Amino acid sequence: MKATRGCRFSFHVIVVAAAIAYIYFTTVFVFIDQWLGLWSSPGMLNAVLFSVVALFCIFSYALAIYTDPGRVPSSFVPDVEDPENTVQEIKRKGGDLRYCQKCSLYKPPRAHHCRVCNRCVLRMDHHCVWMNNCVGHANYKIFFIFVLYAAIACIYSLVLLVGSITIDSPKDDQQSEGSYRTVYIISGLLLVPLCLALSVFMGWHVHLILQNKTTIEVSELCGWLKREVMYIHIHMILVHMII
């Protein structure tokens, strides 16, 4: 059974909630209304579709926040005497079993200690400040679904924004258009970066899933490669100086 944690709002979570609310209301009551007419058949259809996407986005976001990412069981002890048991991982340096001094627990493979949550997380990917929670074994799936729905909602909203600006609408009123000019500017400045960022972020996590890697593991691998390249470069310089 997956454990859930208590309510812990943060500034970043409030910002995300405010952004979701702003994008939803401007999309439905400004973009759709100005372009198609909210009470027309196309307007109502798009309003319902966008509301469904937004609802799934909010629901998955709440689940990602409240679902525990996965705790290391306090009873976990690697069985080093069983040669068939591969549920253990050793340090790169020294060859000792991975042990967390802060949690006083052995670390299962792919588990890492989060400094923000102050505990070890199973198959930790990263700590997400926008969720005020770690992304790990137990909530990675719902986190991925949230990013997917968020990307779809932002792209959908941006399409409706562009359509309401560029295409003649049944509400072709200059006074109405001028009153919404600030809304269009703010929405454009918000939606364009969000669409780009979420699309790149989505592609990155699709790549991680296909490679069966986590963000931490990739960053550690990149850091190791950088160190090896640096050591080789220093070694070549020293050899050249000696010669």
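The expected span of a helix is 1.5 Å times one less than its number of residues; helices (H or I, at least four residues) and strands (E, at least two) are DSSP runs, numbered from the N terminus. Keep that rule handy for the first exercise. You're working with a predicted model, where local features need pLDDT of at least 70, side-chain atom pairs count only at pLDDT 80 or more, and totals for chains, interfaces and linings use all residues. Residues are numbered from 1 along each chain as its sequence is written, and side-chain values use heavy atoms, with hydrogens and water left out.

**Exercise 1. Check the span of helix α5 (residues 181-211) against its expected value, and find its buried residues.**

Step 1: α5 has 31 residues, so at 1.5 Å a residue it should span 45 Å. Its end C-alpha atoms are 45 Å apart, and the two values agree.

Step 2: Now the burial, where buried means under 20% relative accessible area, exposed over 50%, and partly exposed in between (1.4 Å probe, protein chains only). The buried residues in α5 are Tyr184, Ser187, Gly188, Leu191, Cys195, Leu198, Met202, His205 and Leu208.

Step 3: For reading that list, recall that an α-helix has 3.6 residues a turn, so residues three or four places apart point the same way.

Step 4: See what comes after the helix. α5 is followed by Asn212, in the loop between α5 and α6. Asn212 has a positive phi, near 55°, though it is a residue other than glycine. With 48% relative accessibility, Asn212 is partly exposed.

**Exercise 2. Find another non-glycine residue with a positive phi, and say where it sits.**

Step 1: Asn132 is such a residue, with phi at about 55°.

Step 2: Asn132 belongs to the loop between β5 and β6 (133-135). Its relative accessible area is 15%, so Asn132 counts as buried.

**Exercise 3. Describe the surroundings of Asp125.**

Step 1: Place it first. Asp125 is in the loop between β4 (119-121) and β5 (126-128), and its relative accessible area is 0%, so it is buried.

Step 2: List the contacts (heavy atoms within 4.5 Å). Setting aside neighbours within four places in sequence, Asp125 touches Val135, Gly136, Tyr140, His205, Leu208, Thr214, Thr215 and Ile216. His205 and Leu208 also turn up among the buried residues of α5.

Step 3: Look at one pair across the sequence. Asp125 and Ile216 are 91 residues apart along the chain, yet their C-alpha atoms are 5.7 Å apart.

Step 4: Check the side chains for a polar contact, meaning a pair of N or O atoms within 3.5 Å; within protein, one must be able to donate a hydrogen and the other to accept it, and residues adjacent in sequence count only if both atoms are side-chain atoms. Asp125 and Thr215 make one through their side chains, at 2.8 Å.

**Exercise 4. Work out the salt bridges and how they connect.**

Step 1: Apply the rule: a side-chain nitrogen of Lys or Arg within 4 Å of a carboxyl oxygen of Asp or Glu. You should get 3 salt bridges.

Step 2: Start with Asp68, which is buried at 4% relative accessibility. Asp68 pairs with Arg71 at 3.3 Å, N to O, and with Arg119, where the closest N and O atoms are 3.1 Å apart. Asp68 lies in the loop between α2 (41-66) and β1 (99-100) and Arg119 in strand β4, so this pair ties together parts that are 51 residues apart in sequence.

Step 3: Take Arg110 and Glu217, whose side chains meet at 2.7 Å, N to O. This pair links distant parts of the chain, 107 residues apart: Arg110 is in the loop between β2 (105-106) and β3 (112-114), Glu217 in helix α6 (residues 215-242). Arg110 is partly exposed at 22% relative accessible area, whereas Glu217 is buried at 18%.

Step 4: Join the bridges that share partners, and Asp68, Arg71 and Arg119 form one network.

**Exercise 5. Put the fold into overall numbers.**

Step 1: Count the elements: 6 helices and 6 strands, in the order α-α-β-β-β-β-β-β-α-α-α-α.

Step 2: The protein has 243 residues, and 37% of them count as buried.

Step 3: Of the contacts with a separation of 6 or more, 63% come from residues 24 or more positions apart.
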